[in-house]
Structures are given as structure tokens and as C-alpha cells.
Amino acid sequence: MDLSEINFAVLVASLIVASTPLVLAALGELIVEKSGVLNLGVEGMMIIGAVTGFIVGVETGSAYIGMMAAAMAGALLSLLFAFIILIMQANQVASGLALTIFGLGIAALMGHPYTGIKSPQISTISIPILSEIPVLGTMFFQHDLIVYLSLISVLVIWYFLNRMRAGLILRSVGEDHDVAHSLGYRVVTIRFLAITFGGAMAGVGGGYLSLVRVPQWTEGMTAGAGWIALALVVFSGWRPFRLLIGAYIFGGITILQLNLQAIGVNINIALLSMAPYLATILALVVISMSRFRGNRGAPGCLGRSFVKIT
Amino acid sequence: MNNKIENTLFQCRAINKEFGNVRANNDISINVRSSQIHALLGENGAGKSTLVKIIYGLLQPDSGSMTFLNEEYSPKSPKDARALGVGMVFQHFSLFEPLTAFENILVGLDKELGEKELHASVIMLSESYGLEVNLSSFIGDLSAGERQRVEIIRALIQKPKLLIMDEPTSVLTPFECESLFKTLKKLASEGTSILYISHKLKEIADLCDTASVLRKGAIVGEYDPKKMTPRELGEIMVGQSLFEPKRPVAANKSNKVLSVKINEVKPDTQFGVTLKNIDLAVYQSEILGIGGVAGNGQEELMQVLTGEKKDRNVSIKYMDNDIEMLNPRERREIGLAFAPEERLGHAAVGNLNLLENSLITDPKKRFQMKMGFIDFSELNEYTNEIIEKFNVKTTGVSALASSLSGGNLQKFVVGREIGQKPSLFIVNQPTWGVDALSAANIRQAIVDIANTGAAIILISQDLDEILEISNKVAFLTNGNLSIPTNTMDIKTDEIGAIMGGISD
């Protein structure tokens with residue numbers, strides 16, 4: 001065993017790639033939950049995104065077109081969820097679970113002929129000047145477009161939620177839908193939009209998994225990433241930047257343990273594979289325990305059906 | 001329109017609205033003149049809220065028409081109403097607790113305003129109308145009065161010509177009421193009409209120029225409240241003569257039921273009040289009234305008394321037993337009963353029906369048969385009795401607690417506790433949001449159990465209520481309790497001094 005075999009800069013670069021699907025899916029779910037809806041179907045939407053993205057990517061030969069198709073597939077599946085919980089007012093927890101099971105099943109069916117095929121390449125974009133900085137350049141500035149977009153999304157979503165009127169309206173719908181309704185806001189419409197956005201983000205996250213991160217299609221390849229994304233949203237206290245940190249911790253330890261396995265560290269493989277999950281939960285529990293000012297926790301109406309009072 | 005009255009700002013004609021079989025509004029016509037404070041007076045369920053929701057665009061009438069500023073007015077949503085110049089301040093505040101005051105004002109606006117610009121206009125408004133509020137504080141940390149000021153600012157910033165106030169004083173302290181009235185009078189003098197919904201008769205006489213009285217969904221008539229006594233107005237409102245409960249006859253001084261000594265109890269949250277130097281005793285057949293402005297330790301005192309908060313440094317003696325370390329259930333088992341202020345979620349479970357809500361406080365296990373089965377016939381009878389005796393308006397015993405209006409649920413909760421025939425009944429705000437006749441009923445029921453030997457601790461922000469039925473009164477200021485004095489010996493100006501003295 002030789003720890004010097006692990007190149008730190010490459011490690012950080014690959015942890016960012018490993019975390020990107022999580023960042024994307026969790027950001028989407030953050031918006032959904034901020035609007036007061038709990039969508040437990042993230043895993044299902046991710047895998048639908050993964051399979052659709054992969055199929056379209058292979059057929060068109062373009063990873064970008066694949067990624068767009070992944071977003072659309074995720075959004076489409078989330079629309080089904082939106083219809084069930086907003087129009088039919090079904091229970092959100094049960095509907096979300098059903099969505100995951102449905103997604104996993106249909107993805108396996110769709111993806112069967114594509115097992116074992118290689119996906120089209122996605123090119124990395126080296127940012128001029130910055131990418132030439134030693135170490136840091138390799139870590140942060142030699143990635144593909146989606147990685148940059150995911151980081152920009154964190155910023156944009158933070159700005160949207162905290163600095164924009166539309167974000168304020170979204171939050172207010174999530175905090176108290178009755179009050180929002182009495183002020184004349186269209187609760188159902190706003191939630192529809194939020195759910196669709198969440199679906200698209202989960203779809204892209206899945207697409208990134210099958211087109212870039214792995215890159216291959218295998219059945220059940222999301223392997224619980226959707227659930228980790230859901231946990232990240234909760235433990236981050238519904239905040240984009242903490243969510244990013246959480247995702248990177250998870251991704252980081254995943255990569256680290258893979259490297260450790262590769263160089264043959266004498267730790268049981270089962271324990272190593274468990275490590276990212278444990279570490280993420282621990283780190284986020286610690287973060288959410290400390291009482292930051294203004295830490296207001298979950299949106300007030302999270303998971304509750306909106307019934308218009310006449 | 002042949003009978004158009006000079007200065008009419010708003011008019012509705014023959015408004016009808018039905019919910020299922022219930023006619024909430026039956027041919028309602030009212031006429032609000034400009035620069036007037038127009039009262040809409042009626043009991044709970046008389047149709048006031050339905051009518052104002054129609055005016056504010058939250059509901060659409062089944063038939064009827066409205067005019068505003070001499071033009072046809074039929075808002076499809078509150079946005080339409082606001083755009084045309086109708087503002088509303090809700091009874092149950094339509095504020096978002098986790099957001100700041102400023103964000104709440106922002107979210108209620110229909111157009112985007114620059115933060116600076118908005119700040120400036122909010123400060124201008126709050127200065128000229130005495131609506132002080134800290135814009136950066138979270139609504140959850142504000143008192144009821146402050147919350148209302150945020151709502152009023154939010155409504156006023158859109159410069160409404162008609163401002164609807166739905167039971168604005170139901171959550172306010174006397175002092176806060178006065179400053180609200182000043183604000184409203186100033187607004188009216190500057191040309192804003194106010195549609196003022198209330199069932200508090202005295203304040204209508206003080207404040208309003210005209211009063212439309214509603215009963216069972218229909219207009220009874222329009223009156224001049226300045227020319228009538230509150231009692232006359234009240235009798236028109238309820239359609240029968242009102243009675244005033246009498247305080248219990250002289251207490252039996254020899255039988256002390258409860259004594260409480262508190263040196264200091266620290267609050268659980270940073271926004272709570274520290275209880276200090278509390279020394280009280282209550283005797284058989286005695287009502288001890290505890291008054292004071294909201295947020296001066298009522299909630300904290302209630303928690304210590306009920307056992308929701310246990311503290312070794314507190315001494316609570318109930319009939320010579322130390323009970324400070326007993327939990328609420330154990331206290332209930334030995335004859336105490338409690339009705340906390342927050343009825344939904346604290347006194348009653350919203351998603352359980354009334355039967356189940358009767359069952360959950362059953363310290364004497366009277367609804368329990370052998371092997372733990374529930375005695376439904378007994379439970380049914382008990383619950384129906386509460387509904388009947390306290391005139392709880394509900395579809396029946398299987399209605400969910402959350403489906404009842406606040407006042408009706410309050411009646412149910414008080415009835416449920418009194419039905420346990422407690423030896424000591426501790427109640428916080430028993431008639432909050434309850435209409436005049438039912439409030440009198442609740443007070444009478446409290447007096448009745450006192451007369452049969454129970455001791456009562458009545459915590460209330462309604463000074464009139466305390467003075468009406470308590471034998472002794474004490475006041476909470478900043479967590480301190482004044483020495484209980486006989487109600488007969490206390491003078492109104494002294495009360496003001498005690499209540500205002502320590503708190504700011």
C-alpha cells in the first residue's frame with residue numbers, strides 16, 4: 001500500500017464529477033420541497049433520466065442532446081407525480097415511492113437492449129488561464145459543461161430563493177399554502193412548475209450518471225443516489241450551499257474509498273463501500289445540529305395536500 | 001340606481017352564497033360611504049367572513065352584484081380586489097411565520113418595488129400611523145399586535161380606498177386596541193373607508209359610524225352605534241336578551257386547593273419570558289383571574305401549572321400534595337383540568353374527530369371498559385352533551401376538530417374540560433374569538449363549577465372578563481405576578497398602572 005499513489009488533484013477533480021449527479025438532483029428537490037411538496041420519486045426520475053439520456057445519446061451520438069432528453073424524461077415523469085398529488089390530491093409519500101418503483105421498472109425495460117454499449121464522449125472545457133494554475137487548475141477548471149452548470153445552478157438557486165420576488169413567492173407557498181392562497185397566489189400552478197423543475201434536474205443528474213460518470217447503462221445504476229439526494233436536502237437545512245458541501249463530501253469519500261480499494265488498503269471492502277453514506281450522514285447531522293441563526297428548518301407545508309377552502 | 005346615496009364608496013346588492021345546504025349569505029345588501037368606519041356585526045357563523053371574502057375576491061357569490069367607486073365590481077381574485085383599491089387584514093393573520101416582516105410585506109405586493117423604495121414607504125407609513133414594527137424580525141418572534149401592524153402596513157402600502165378589518169381586536173391587548181383605533185380613525189379622517197368586522201360591542205360603539213347587523217346569513221338592519229347601548233346592539237345581534245354571569249359567591253377561605261411558589265423559571269427559548277417571584281394560592285369556589293398583556297409570561301406560567309414544563313425549583317401544592325414533578329396526565333388524574341390557549345394542536349388534535357378528542361383527556365377512564373375497549377355509548381353521550389350544552393356548531397360528533405371554527409372549537413374544549421368535573425380548572429383565554437352569547441355561556445359554566453366547589457385559575461387578556469367573574473385578580477408583567485387582590489377593591493386606574501408599570 002502506498003498512499004502517494006493517490007494524486008490529490010485528480011482525486012478532487014474526480015470527486016466533483018462523482019458528486020455532480022447528486023448536486024443536480026438535490027437542487028431540483030430543494031426547489032420542490034421549498035414549494036411545499038415532498039417528492040420521494042427522485043430515484044425514479046434519475047434513472048429514467050439516465051436511461052433516456054443514454055439511449056438518445058447513443059442514437060444521436062451527442063451527449064448534450066442525450067442530456068436534454070434526460071431532463072425532458074425526468075420532467076415528464078414528474079408531471080405524472082404532479083398530476084397525482086396536485087390534481088387528484090393523493091398522498092405525496094405514497095405517490096413518490098410509487099414513482100421510484102415505476103421509474104426503476106420502466107428504465108430496466110427501456111434500457112435492456114442498450115446494456116454494455118459505450119456512450120458518446122462529452123468534451124471537457126478547460127477554462128483559459130485558470131486551468132493552467134498547477135493543482136487548482138486540474139481540480140476545478142478542467143471539467144465538462146455540466147459540472148460548471150451545476151455549480152452555477154447552486155448560485156442561481158440561492159439567488160432565486162433569497163433575493164428574488166419569485167423565490168419569495170415560492171417559499172411562501174411552501175411555508176403556508178392557505179395564506180398564499182388568500183393573498184391570491186396560485187398554489188397549484190406554482191407547485192406544478194416547481195415539481196417539473198425538480199424532475200428535469202433529477203433527469204439531468206441521471207443522464208450525467210449514465211453518459212459521463214460511469215459511462216454506461218446498467219440496470220439499477222443510480223444505486224440509491226436519489227435517496228442520498230433527498231437526504232442531502234433535509235440535512236442541508238434546505239440551503240443550496242450546504243447541500244453542495246454535503247454532496248461533495250459524499251462524492252469525495254466515494255472516490256477516496258475507490259482509490260483506497262485500488263491501492264489495496266487492508267480494510268474490509270464492505271466497510272469502505274459503506275463509508276460515503278456514513279460520513280455524509282454524520283457530517284450533515286453535525287451541520288444541522290449547530291444552531292445557525294435563522295435556521296428555520298423544513299418548509300411549513302412540506303408534504304401537505306393543498307385543499308382549496310371555499 | 002334610483003336610491004343612490006351621496007358619497008357611496010362601496011355597495012353590494014342581494015348577495016347570495018350557499019355552501020352545500022347552508023345559506024351563508026342570504027340577500028345581503030350593504031352600503032359603505034366614503035371616510036366612514038362601517039361595522040359588520042354578527043355572531044360566529046352569521047356570515048360576516050363569507051361576505052368579506054366575497055368582497056375581497058376570495059369567494060365568488062352565487063348571485064348578486066357589487067359596485068365600487070360607482071363602477072361594476074366583481075373581483076375574481078384578491079389580486080383584482082387589491083388592484084382596484086380594496087385591502088384586507090385577516091383575523092387569522094395571513095403572514096408567513098418563517099419569513100421576516102419585510103419579506104411578508106413584499107410578498108403581499110402585486111408589483112415589484114425596489115427594496116429601498118419599499119423600505120422608505122414602510123417607514124413613512126409606520127411613522128404617520130403609529131405602526132411601529134421591526135422589519136427584519138421574523139414573524140414567528142412577533143407578538144399578535146406587532147403581526148397585525150405588519151398586516152396593516154402591507155394593506156396600506158397599496159393605498160386602499162376600502163380597508164376590510166376582520167375581527168382585528170380578537171388577539172390584541174387593551175393597549176394595542178387603543179393604538180389600533182387611533183390608526184383607524186386617522187385613516188378614516190383621511191378618506192379611507194373601513195369595513196370593520198367584530199362582535200365586540202363596546203369597541204363598535206367607540207369606533208364605528210354605522211353598523212350593519214348580520215344574523216344567520218341575513219341583514220337584520222343598519223344602526224347608528226353611537227345612539228345605542230352596547231347591550232341593545234348585542235341583543236339585536238344575537239336576537240335574544242343577553243345575560244351577564246355573576247362571580248361565584250364568597251369563596252370558602254379554609255380550603256386551599258392550590259398554592260404555587262416560583263422564585264425563578266427560565267424559558268426554554270430565547271424569546272420566552274422568565275417567571276419570577278410568583279406566589280399565588282387559590283381556594284375552593286374561588287376564581288383567581290390573571291390578567292396582563294400577552295407575552296408577559298402567560299404561556300410559561302400555564303406550562304408550569306399544567307406540568308408540560310417540570311421544574312424542581314417550583315413548589316406547587318395541590319391539597320397538601322407536592323405535584324410539581326407530576327406530568328400533565330398525572331395531574332389530570334388527581335382532579336386538575338386544563339384548557340390551554342392554542343386550541344388547535346394543543347388543546348385539541350385537528351385530525352381527530354370530536355369523539356376522539358373527548359377520549360384523549362379522560363383521566364378518570366370513564367370511557368374505558370374491561371380489556372381496554374372503548375365505551376362508545378358513554379363517549380357519544382358525553383360528547384353530545386358538550387355540543388348541546390355549549391352550543392357547539394358542528395355536523396356531529398364525528399366531525400374533525402379542524403373542521404370547527406375557532407370559536408366553536410374553543411367552546412368544545414372548555415366544555416370537555418368542565419365535563420370532567422375538576423376540583424381545579426386552569427384555563428387560558430377561555431373566550432378568545434368566541435361570540436358574545438357563547439362567551440357569556442362559557443363564563444357562566446366556569447362560574448357554575450366554581451359554585452359547586454371547584455377552584456379556578458382564569459388567565460385572560462380580556463380585562464372585562466376577568467373583572468366580571470373573578471373573586472381575586474393578579475397581573476403578569478414581564479414574568480412577575482402582582483399580589484392577588486380582591487376584585488371588588490381594585491380600581492381601573494390602578495390596573496393600568498400595574499399592567500403598564502413594569503412592562504414597556
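# Exercises on a predicted two-chain model

The contact between the two chains of this predicted model draws 16 residues from chain B and 13 residues from chain A.

**Exercise 1.** Describe the side of chain B that touches chain A, by element and by residue class.

*Solution.* Begin with the helices: α2 (78-84) and α3 (101-107) of chain B each contribute at least two residues to the side that touches chain A. Next, ask which of the elements gives the most; this is α3(B), with three residues. Finally, sort the residues of this side of chain B by class, which yields ten nonpolar, three polar and three charged.

**Exercise 2.** Locate the domains of chain B, and then characterise the side of domain 2 of chain B that touches domain 3 of chain B.

*Solution.* First mark the bounds along chain B: domain 1 covers 8-238, domain 2 is made of 243-335 + 423-504, and domain 3 covers 346-421. The centres of domain 2 and domain 3 of chain B, taken over C-alpha atoms, are 24 Å apart, and the contact involves 15 residues from domain 2 of chain B and eleven residues from domain 3 of chain B. On the domain 2 side, at least two residues each come from α10 (328-333), β17 (424-428) and α14 (436-451) of chain B, and α14(B) gives the most, with five residues. Sorted by class, this side of domain 2 of chain B holds eight nonpolar, three polar and four charged residues.

**Exercise 3.** Work out the strand order of the open sheet of four strands in chain B, and place helix α1 of chain B relative to its strands.

*Solution.* Read across the open sheet, the order is β2-β1-β4-β5 (chain B), and the pairing is antiparallel. The strands β2 (22-33) and β5 (71-72) of chain B form the edges, since each pairs on one side only. Now take one pair in detail: strand β1 (residues 8-19) of chain B joins β2(B) in the antiparallel sense over eight bridges, and B:I15 is found opposite B:I28 in β2(B). To finish, add helix α1 (residues 48-55) of chain B, which lies across β1 and β2 of chain B and runs at about 120° to β1(B).

**Exercise 4.** Check the length of helix α11 of chain A against the span expected for its residues, and then examine what follows the helix.

*Solution.* Helix α11 (residues 240-262) of chain A has 23 residues, so at 1.5 Å a residue it should span 33 Å. Its end C-alpha atoms lie 33 Å apart, which agrees with that expectation. After α11(A) comes A:G264, whose phi is positive, near 75°.

Terms used
Residues are numbered from 1 along each chain as its sequence is written. Chains are lettered from A and ligands numbered from 1 in the order in which they are written. This is a predicted model: local features need pLDDT of at least 70, side-chain atom pairs count only at pLDDT 80 or more; totals for chains, interfaces and linings use all residues. Domain bounds come from an automatic or database domain assignment. Two residues are in contact if their C-beta atoms, placed from the backbone, lie within 7 Å. Ala, Val, Leu, Ile, Met, Phe, Trp, Tyr, Cys and Pro count as nonpolar, Asp, Glu, Lys and Arg as charged, and the others, Gly among them, as polar. The expected span of a helix is 1.5 Å times one less than its number of residues. Two strands pair if DSSP finds at least two bridges between them. Axes are lines fitted to C-alpha atoms, for helices over the stretch in contact, and angles run from 0 to 180 degrees between N-to-C directions.
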